[in-house]
Amino acid sequence: MLPKNAADYRTLLWIGLAVALVGVQYANLGLGWVFGLALLNAYFALCCGIIAHNHNHCPIFANKRMNDVLGHLLSLFYGYPTFVWIPTHNLNHHKHVNRAGDATITWRYSDRHNLLVAATYFFVSAYFQAVPVKQFIQKAKVGNRKLYRKIQLQYAVWIGTWLSLLVLAMCLHGWKRGLLIWGFSIGLPSLFSIWTIMFFNYEQHVHTDPWSEHNHSRNFTGKWLNFLLFNNGYHGVHHEHPALHWSRLPEAHAKIAGQIDPELKQGSMWWYVLKQFFLANFWPQLGTQQVGRAPFDPPGGQTTSLESDEVELGEAGTNARMAGGPLQHDYRKAA
Ligand SMILES: [Zn+2]
């Protein structure tokens, strides 16, 4: 019943706060409060997405059923069944790290880094991530019925609970007001969560060098940001040790920080965003430049296909992996 790692008491507290906040908005507080608190909803929804990522690498509980239940709860805020992290992230992104074959490559239609490409990356990435998700579901259907039933259950619980919450809001407050309360406390925050997580993925890899030992990811090292987002800024060391618990990423990052290109260690994410999307329009040198070797330029010079390779259920299809067991994949061995 208790989390394996003491740092995850805070994870559970944050999930509890996300639930409580929606409860407060469903109580008869007035629409002004619901709208005003929506920013907090958006923050907690984003946290739930990040927690879903962490939970898929490093499950919070030892008990598989508890992990499944938590996965269901997270999907309500994240806005999609959390199993999708396995085919798109654990089995695909961690393997290819923004090189050809990664469904989430930052350079599919353009290697330029500007507001338009960054803002629309969500649509491009989501479209291509559907490929490994479909393969994963199809393979589970044929080769692992237990996994397939778990996937179906995740969809059913997510859609069923969303609809129930919508109906509840309408019963409590009338259809118009109920729709607004549901939209501002659950619907829109989850859209924000998914969009922002993909935006983070874009910024963590655009113009980095996936052929390098430590320069394959961009890190954001601000203390507050990492406190508020469960150390999500230490992306490089996360790729190098995907099974390492999120609470230990800062110390692991400190050990290799001296070997990372300074451009890939950004202190403030807000300053970085300001530089990249506004100031670089006037002073281009403030925008990112390709660090080292580009992802579309393999050292061997071979031609690259942008198609994602087949995701293999393999171990991912077992119960342990469905609960989000760590994948100790070393992407450099797969290169
Ligand atoms: Zn990861």
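**Briefing: helix packing and selected residues**

Lys150 is partly exposed, because 18 other C-beta atoms lie within 10 Å, and a residue needs 20 or more to be buried. Lys150 belongs to helix 6. The model described here is predicted. The points below begin with the surroundings of Lys150, then take up the contacts of helix 5, the burial of helix 3 and some backbone angles.

**Helix 5 with helix 6**

- Lys150 lies 10 residues from Ala140 in sequence, and the two C-alpha atoms are 9.8 Å apart in space.
- Ala140 is one of the helix 5 residues that meet helix 6; Ile137 and Lys141 are the others named, and on the helix 6 side they meet Leu147, Tyr148 and Ile151.
- This contact between helix 5 and helix 6 consists of 5 nonpolar residues and 1 charged residue, with no polar ones.
- The axes of helix 5 and helix 6 are 6 Å apart, and the packing angle is about 130°.
- Helix 5 and helix 6 are therefore oblique to each other, since an angle of that kind falls outside the 65 to 115 degrees counted as roughly perpendicular and is not over 145.
- The crossing in which helix 5 passes helix 6 is left-handed.

**Helix 5 with helix 7**

- Helix 5, residues 115-143, also packs against helix 7: their axes come within 9 Å and cross at roughly 105°.
- The crossing angle makes helix 5 roughly perpendicular to helix 7.
- On the helix 5 side the contact is made by Ala118, Tyr121, Phe122, Ser125 and Ala126, and on the helix 7 side by Trp195, Met198, Phe199 and Tyr202.
- Sorted by class, the contact of helix 5 with helix 7 has 8 nonpolar residues, 1 polar residue and no charged ones.

**Helix 5 with helix 4**

- Helix 4, residues 85-96, packs on helix 5 at an angle of about 105°, with the two axes 8 Å apart.
- Helix 4 and helix 5 are therefore roughly perpendicular to each other.
- Helix 4 contributes Ile86, Pro87, Thr88, Leu91 and Asn92 to the contact, while helix 5 contributes Gln129, Pro132, Val133, Gln135 and Phe136.
- The contact of helix 4 with helix 5 has 6 nonpolar residues and 4 polar residues, and no charged ones.

**Helix 3 and its cover**

- Helix 3 runs over residues 64-78 and has 15 residues.
- From first C-alpha to last, helix 3 reaches 20 Å, close to the 21 Å expected at 1.5 Å a residue.
- The buried residues of helix 3 are Asn67, Asp68, Leu70, Gly71, Leu73, Leu74, Ser75, Leu76, Phe77 and Tyr78.
- Helix 1 (8-26), helix 2 (31-57), helix 6 (145-173) and helix 7 (175-205) are among the elements that cover these buried residues.
- Gly79 follows helix 3 and has a positive phi, near 90°.

**Positive phi outside glycine**

- His207 is not a glycine, yet its phi is positive, near 60°.
- His207 sits in the loop between helix 7 and strand 1 (219-220).
- His207 is buried, because 22 other C-beta atoms lie within 10 Å.
- Asn231 is not a glycine either, and its phi is positive at about 60°.
- The loop between helix 8 (223-228) and helix 9 (235-240) holds Asn231.
- Asn231 is buried, because 23 other C-beta atoms lie within 10 Å.

Terms used
Residues numbered from 1 in each chain as written. Predicted model: local features only at pLDDT ≥ 70, side-chain atom pairs only at ≥ 80, totals over all residues. Helix = DSSP H or I, 4+ residues; strand = E, 2+ residues; numbered from the N terminus. Expected span 1.5 Å × (residues − 1). Buried ≥ 20, exposed ≤ 12 C-beta atoms within 10 Å, placed from the backbone. Contact = placed C-beta atoms within 7 Å. Axes fitted to C-alpha atoms, helices over the stretch in contact; angles between N-to-C directions. Parallel < 35°, antiparallel > 145°, perpendicular 65-115°, else oblique. Nonpolar A, V, L, I, M, F, W, Y, C, P; charged D, E, K, R; others polar. Left-handed = near helix turned anticlockwise from the far one by under 90°.
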